Amino acid sequence: MSTETTASVSTHILDTSLGRPAEGVAVSLSARSGPDAHWAPLGGSATDADGRCKDLPALPEGTTHVRLDFETETYFVKKKQAEAQQDAPALRDSGVFFPEVAITFAVVPGEHYHVPLLLNPFGYSVYRGS
C-alpha cells in the first residue's frame, strides 16, 4: 500500500483530569470511501502506558472518511475503582457520562492524521495534531 495513495492515522489520549496519559483504552478504526458508503471496520488497538495506539491498521486505498471509536467506559470504571481504593473524593455522578467517544474526520491520500483525544469525566476535545 503506497503512502501516496492512502492516508495514515495515529492517536493518543490524555486524561486532563489527571494530567496523565489514559492507559488501556480500546480504540477501533473504521473507514469508508465516501459520505454515502458503509463503514468498514479495520481493526483496533488499545492505548499503551503513554496513552498511544502504535499499531492501528493501515487505511485502504480510496478512504475518504475515518472514524475512531474510543471505549472510555471501562477506563472510567477502573479509574473510579482506583480512586475509591485511595479514599479519593467521589465523582459527582455515579455513572459514566461518556461511555464512548466517536470521532469522524475526512482524509486525503498522502497525508498523516494524528488525532489526540483530551479526555475528562465530563468533557472531551479533539484536534488534528502533528
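What volume does the largest pocket have? About 150 Å³. Keep in mind as you click around that this is a predicted model.

**Stop 1: the whole chain**

Start with everything shown as cartoon. You should find 1 helix and 10 strands. Follow them along the sequence and the order reads β-β-β-β-β-β-α-β-β-β-β. Now switch on the surface: the chain exposes about 7400 Å², and carbon and sulfur atoms supply 51% of that area. Of the 130 residues in the chain, 35% are buried. If you draw contacts with a separation of 6 or more, 66% of them join residues 24 or more positions apart.

**Stop 2: the largest pocket**

Next, select Leu18, Arg20, Pro21, Ala22, Glu23 and Gly24, then add Thr74, Tyr75, Lys78 and Lys79; together these line the largest pocket. Colour by element of secondary structure and two contributors show up with at least two lining residues each: strand E2 (20-21) and helix H1 (72-85). H1 gives the largest share, 4 residues. Recolour by class and the lining splits into 4 nonpolar, 2 polar and 4 charged residues.

**Stop 3: the salt bridges**

There are 4 salt bridges to look for in this model; here are three of the pairs.

Begin with Arg128 and Glu111. Their side chains form a salt bridge, at 3.1 Å from N to O. This pair ties distant parts of the chain together: Arg128 is in the segment after strand E10 (123-126), Glu111 is in the loop between strand E7 (101-106) and strand E8 (112-114), and the two are 17 residues apart. How exposed are the partners? Arg128 counts as partly exposed because its relative accessibility is 48%, and Glu111 is partly exposed too, at 37%.

Move on to Asp69 and Arg67. Show both side chains and you get another salt bridge, with an N to O distance of 3.1 Å. Arg67 has a relative accessibility of 22%, so it counts as partly exposed; buried would need a value under 20%.

Finish with Asp48 and Lys54, whose side chains meet in a salt bridge at 3.8 Å, N to O. Is Lys54 buried or exposed? Turn on the surface again: Lys54 is exposed, with a relative accessible area of 68%. Its partner Asp48 is partly exposed, at 24% relative accessibility.

How values were computed:
Residues numbered from 1 in each chain as written. Predicted model: local features only at pLDDT ≥ 70, side-chain atom pairs only at ≥ 80, totals over all residues. Heavy atoms only, no water. Buried < 20%, exposed > 50% of the residue type's maximum accessible area, 1.4 Å probe, protein only. Contact = heavy atoms within 4.5 Å. Areas by Shrake-Rupley, 256 points an atom, 1.4 Å probe, with all protein chains shown as cover. 1 Å grid on protein atoms, 1.4 Å probe; cavity = no way out; pocket = protein on both sides within 12 Å on 5 of 7 lines; lining within 4 Å. Points joined across faces, edges and corners; volume = space filled by probe spheres on them. Nonpolar A, V, L, I, M, F, W, Y, C, P; charged D, E, K, R; others polar.
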